[in-house]
Amino acid sequence: MSALANHAFAKMNGIGNEIVVVDLRDKPATVSAEEARAVASPGGVAYDQMMVLQPPRLSGTEAFIRIYNSDGSEVGACGNGMRCVVRRLFEKTGQTAMTFETRAGLLNCWQGPAADLYTVDMGAPKFGWQDIPLAEEFRDTRYIELQVGPIDAPLLHSPSAVSMGNPHAIFWVDDVNAHDLARFGPLLENHPIFPERANITLAHIVDRDHITIRTWERGAGLTKACGSAACATAVAAARLKRANRIVQIALPGGELSIEWRERDDHVLMTGTATFEYEGKFDPALFATVA
């Protein structure tokens, strides 16, 4: 029987990014890709990311968090999901600061400048082609050679590439709604240049303090919000000297404040997290899971 059967979960969202939080710290159990897909199946709980808290592996951390996309794939970072975890635990414990471990490393989180805001230190971005990773060498990842459409008149071209614990490609456009991201997203996510696939973002720089984005999220599809994409976009725009190191990122689901901190290059993401409801997983979801 799956460890998730009859287990409690919290359905939440981070500015529209649909999140399921599952606390397995009291169980020595892991979640398989099949179980993650079963949760998202009809009759289950629709989500973009599922945040599974497991017993801490390092002293001083609250939990080791495994992060699943709805297709069962596992990722190293999800900023919106982290804010949901933080809100859940802050409300239960009364704490206002915590440290977690993920596949992407340690993440420090704390209460934001207001009671309904939460800040996640997403760590330092990576720009090396092997670190993102890309399938071939690009000495300068502020722009890489990739385009959609005719060679002489591409619809999208020359994205910036960044890793925020997961790979991102950001295409700079005049209007984020003028392109069929639902059509191009899957093709670009799975382009051979991205050996681990990639999150695909369309970004419009409004001014040096404001950027608008839409994202096709690796393993989840079109999303109302992607926190790591907001961080990657802010960093990429600052690298190009087209935006300041503190910016407001507007996503379809809401806004995030992103700071690329100069003293240590860490990226701080601040935003809300919304609780929707609690429930227990129906054991029937996992009847065919090996």
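Of the 290 residues in this protein, 53% count as buried. The model is a predicted one, and its secondary structure adds up to four helices and 19 strands. Laid along the principal axes, the C-alpha atoms fill a box of roughly 55 × 40 × 30 Å. How does the radius of gyration fit with what a compact globule would have? For 290 residues such a globule would come out near 19 Å, and the protein has 18 Å, so the two agree.

Helix α2 is a good place to start looking around. This helix runs over residues 79–93, and at 1.5 Å a residue its 15 residues should span 21 Å; the C-alpha atoms at its ends are 21 Å apart, so expectation and model agree. Is α2 mostly covered or mostly open? Mostly covered, it turns out, with 11 of its 15 residues buried. The buried set begins with Gly-79, Asn-80, Gly-81, Met-82, Arg-83, Cys-84, Val-85 and Val-86, and is completed by Arg-88, Leu-89 and Phe-90. Just after the helix, Gly-94 takes a positive phi of about 85 degrees.

One residue of α2, Arg-88, turns up again in a salt bridge. Its partner is Glu-278, and the closest N and O atoms of the pair are 2.3 Å apart. Arg-88 sits in helix α2 while Glu-278 belongs to strand β19 (residues 274–280), so this contact ties together parts that are 190 residues apart in sequence. Why does Arg-88 count as buried? Its relative accessible area is 14%, and the cut-off for buried is under 20%.

Arg-88 also appears beside open space. The second largest pocket holds about 190 Å³ and is lined by 13 residues, with Ala-8, Val-21, Asp-23, Arg-88 and Lys-92 lying nearest its centre. Two or more lining residues come from each of β1 (8–14), β2 (17–23) and α2. Which element gives the most to this lining? That is α2, with four residues. By class, the lining divides into eight nonpolar, one polar and four charged residues.

The largest pocket has a volume of about 380 Å³. Of the 23 residues that line this pocket, Ala-104, Ser-163, Met-164, Gly-165 and Asn-166 are the closest to its centre. The elements giving two or more residues to the lining are β5 (74–75) and β7 (105–111), and the largest share, three residues, comes from β7. The lining as a whole has 10 nonpolar, six polar and seven charged residues.

There is enclosed space as well. Rolling a probe the size of a water molecule over the atoms shows where empty space is left. The structure holds one cavity of 30 Å³ or more, and the volume of the largest cavity is about 70 Å³. Among the residues lining the largest cavity are Gln-49, Asn-69, Val-75, Ala-77 and Cys-78, along with Asn-166, Asn-199, Glu-217 and Arg-218. Cys-226, Gly-227 and Ser-228 also belong to this lining. Sorted by class, the cavity lining has four nonpolar, six polar and two charged residues. Asn-166 is thus a name shared by two lists: the lining of the largest cavity and the residues closest to the centre of the largest pocket.

Back to charged pairs: how many salt bridges does the structure hold? The count is 16. One of them joins Arg-197 to Asp-71, with the closest N and O atoms 3.5 Å apart. Arg-197 lies in the loop between α3 (181–189) and β13 (199–207), and Asp-71 in the loop between β4 (64–69) and β5, so the pair ties together parts that are 126 residues apart in sequence. Arg-197 is partly exposed, at 24% relative accessible area, and Asp-71 counts as partly exposed too, at 29%.

Another salt bridge brings together the side chains of Asp-264 and Arg-261, at 2.7 Å from N to O. Asp-264 counts as partly exposed, with 27% relative accessibility, whereas Arg-261, at 14%, counts as buried. The pair is part of something wider: salt bridges with shared partners join Asp-121, Arg-261, Arg-263 and Asp-264 into one network.

Methods. Residues numbered from 1 in each chain as written. Predicted model: local features only at pLDDT ≥ 70, side-chain atom pairs only at ≥ 80, totals over all residues. Heavy atoms only, no water. Expected span 1.5 Å × (residues − 1). Buried < 20%, exposed > 50% of the residue type's maximum accessible area, 1.4 Å probe, protein only. 1 Å grid on protein atoms, 1.4 Å probe; cavity = no way out; pocket = protein on both sides within 12 Å on 5 of 7 lines; lining within 4 Å. Points joined across faces, edges and corners; volume = space filled by probe spheres on them. Nonpolar A, V, L, I, M, F, W, Y, C, P; charged D, E, K, R; others polar. Salt bridge = Lys/Arg side-chain N within 4 Å of Asp/Glu carboxyl O. Rg over C-alpha atoms; globule rule 2.2 N^0.38 Å.
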